[in-house]
Amino acid sequence: SDIEKGTYDHYMLKEIDEQPGVLRKIIEAYSTEEGTLDIAPMIKQAFKQADRLYIIAAGTSYHASLIGKEYFEKLAGLPVEVHISSEFGYNIPLLSKNPLFLFITQSGETADSRQVLVKIKALGYPSITMTNVPGSTLSREADHTLLLYAGPEIAVASTKAYTAQLAVLAITAHAIGGGAQMIDLKKELALTANAIQTLTDMKEEIAKIARELLTDKRNAFFIGRALDYYVSLEGALKLKEISYIQAEGFAGGELKHGTIALIEEGTPVIALATQPSVSPNIRSNVKEVLARGAHACIISMEGNSETDDRLILPYVHPLLTPLVAVIPLQLLSYYESLHRGCDVDKPRNLAKSVTVE
Ligand code: AGP
């Protein structure tokens, strides 16, 4: 590739480290002359005409979409459905009167997502593509494009595109909502960039957690509630793709409905506890798995932490915690992949963009 790795051994680590800079770039790109954050008037108009948003995506972009739903519903009062692109065609939901389709795709080339765009365009529905690649297929074929400004992402495992997607989703939802919400988004995103920086400076500590928790393990569980649940899905996908450890992310409340049967002596359980509203519940899940021999690791946030937590994330606004909580999960996967001698940037059986259905 013509993009240089510089002093880095792997693109993935370089791209993880780029995240604070990407966030600052996004803030700049979406800043108005008045110093607030906004999106193009035509795109805002498309959102204003919609009575429901359908977000279509795959993989990591799907995981970002789940968080995007919360943003649109909380910050803009716009109802959202999120669909896995490969499934949409088999199961087209009953659409609202004025649907708007948002395709979230780092590459803008994912065939599964493109077939949905082709279908809904034939039906005459409006579309927006949120992508990192200007001029990509889905960008050209949709009515509008929202850019991610993450810079080229080379590693197969998506990292900076995910945090960029979350930031642009928050900015878009905030703009649609008229910015009248209780959040100073520009300030909070800038603080989030600093928080990410703090974590990318804690590599040794996070590599140590990977050693403690994942050495010789064949499986791992990620649990969370509310927004943390969605981040746990992303944490599990990262670990699967680059370290080949079988991993599962799920809602803490679902443990007792089946998965707890898998917990044995030493089973790694990574619990995210950044959400103040559900903290007692997720902590009681951790007690349940500890009682069955699990090796649990709680990742919490300043202002909502307890003494035994393994990692305490710097405080950010509760809506933006996913951008911060995902960082240690990306790093855990990176170091475990490295330790196992896997091909970090080009994991087996995977391609950077999946251009077949
Ligand atoms: C993420 O680490 C993956 N390699 C993969 O799930 C990816 O997010 C998915 O293929 C979607 O790609 P896109 O965002 O380019 O459409």
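The paragraphs below go through a predicted model, from its domains to its sheet, its cores and its aromatic pairs.

The domain assignment of the chain gives domain 1, residues 11-196, and domain 2, residues 202-339. Taken over C-alpha atoms, the centres of domain 1 and domain 2 are separated by 26 Å. Where they meet, domain 1 supplies 32 residues to the contact and domain 2 supplies 24 residues.

Next comes the sheet. Its five strands follow the order β7-β6-β8-β9-β10, and the sheet is open, with parallel pairing. β7 (246-251) and β10 (311-313) each have a single partner strand, so one side of each is left without a neighbour in the sheet. From one strand to the next, the twist averages 20°.

Strand β8 is a useful place to look at the pairing. Residues 268-273 make up β8, and six bridges join this strand to β9, residues 295-301, in parallel. Across from A271 in β9 stands I298, and across from A273 stands S300. β8 also pairs with β6, again in the parallel sense, over three bridges. A271 appears here too, as the bridge partner of I223.

How many of the six residues of β8 are buried? The count is six of six, so the strand is mostly covered, given that under 20% relative accessible area is taken as buried. Both faces of β8 are covered: P268, I270 and L272 lie on one side, while V269, A271 and A273 lie on the other. Helix α10, residues 203-214, lies across β6 (219-224), β8, β9 and β10. The helix runs at about 150° to β9.

The nonpolar cores come next. The largest one has 94 residues, and the members that touch the most others are F47, L53, Y71, F72 and L102. Helix α8, residues 160-176, gives the most to this core, with eleven residues. At least three residues of the core come from each of domain 1 and domain 2. L53 shows what such contacts look like: leaving aside residues up to four places away in sequence, L53 touches F47, F72, L78, P79, V80, E81, L100 and L102. Another core, of 14 residues, lies apart from the largest one, and its members include F221, I260, A271 and V289. A271 of β8 is thus found both in this core and opposite I298 in β9.

The last topic is the aromatic rings. A pair of aromatic rings is described by the distance of the centres and the angle of the planes. The count comes to nine aromatic pairs. Why is the pair of F47 and F72 stacked? The ring centres of F47 and F72 are 5.4 Å apart and the planes are at 20°, so the pair is stacked, since planes under 30 degrees apart count that way. F47 belongs to helix α3 (residues 41-48) and F72 to helix α4 (residues 59-76), so the pair ties together parts that are 25 residues apart in sequence. F47 is buried, at a relative accessible area of 1%, and F72 is buried as well, at 0%.

Y334 and Y335 give an edge-to-face pair, because their ring centres are 5.0 Å apart and their planes are at 80°. Y334 has a relative accessible area of 3% and is buried; Y335, at 15%, also counts as buried. Elsewhere, one aromatic cluster is formed by Y54, F88, F101, F103 and Y125.

Key. Residues numbered from 1 in each chain as written. Predicted model: local features only at pLDDT ≥ 70, side-chain atom pairs only at ≥ 80, totals over all residues. Heavy atoms only, no water. Pairing = 2+ DSSP bridges. Helix = DSSP H or I, 4+ residues; strand = E, 2+ residues; numbered from the N terminus. Axes fitted to C-alpha atoms, helices over the stretch in contact; angles between N-to-C directions. Contact = heavy atoms within 4.5 Å. Core = buried A, V, L, I, M, F, W, Y, C linked by side-chain atoms within 4.5 Å. Buried < 20%, exposed > 50% of the residue type's maximum accessible area, 1.4 Å probe, protein only. Domains from an automatic or database assignment. Phe/Tyr/Trp six-rings, centres within 6.5 Å; stacked < 30°, edge-to-face > 60°.
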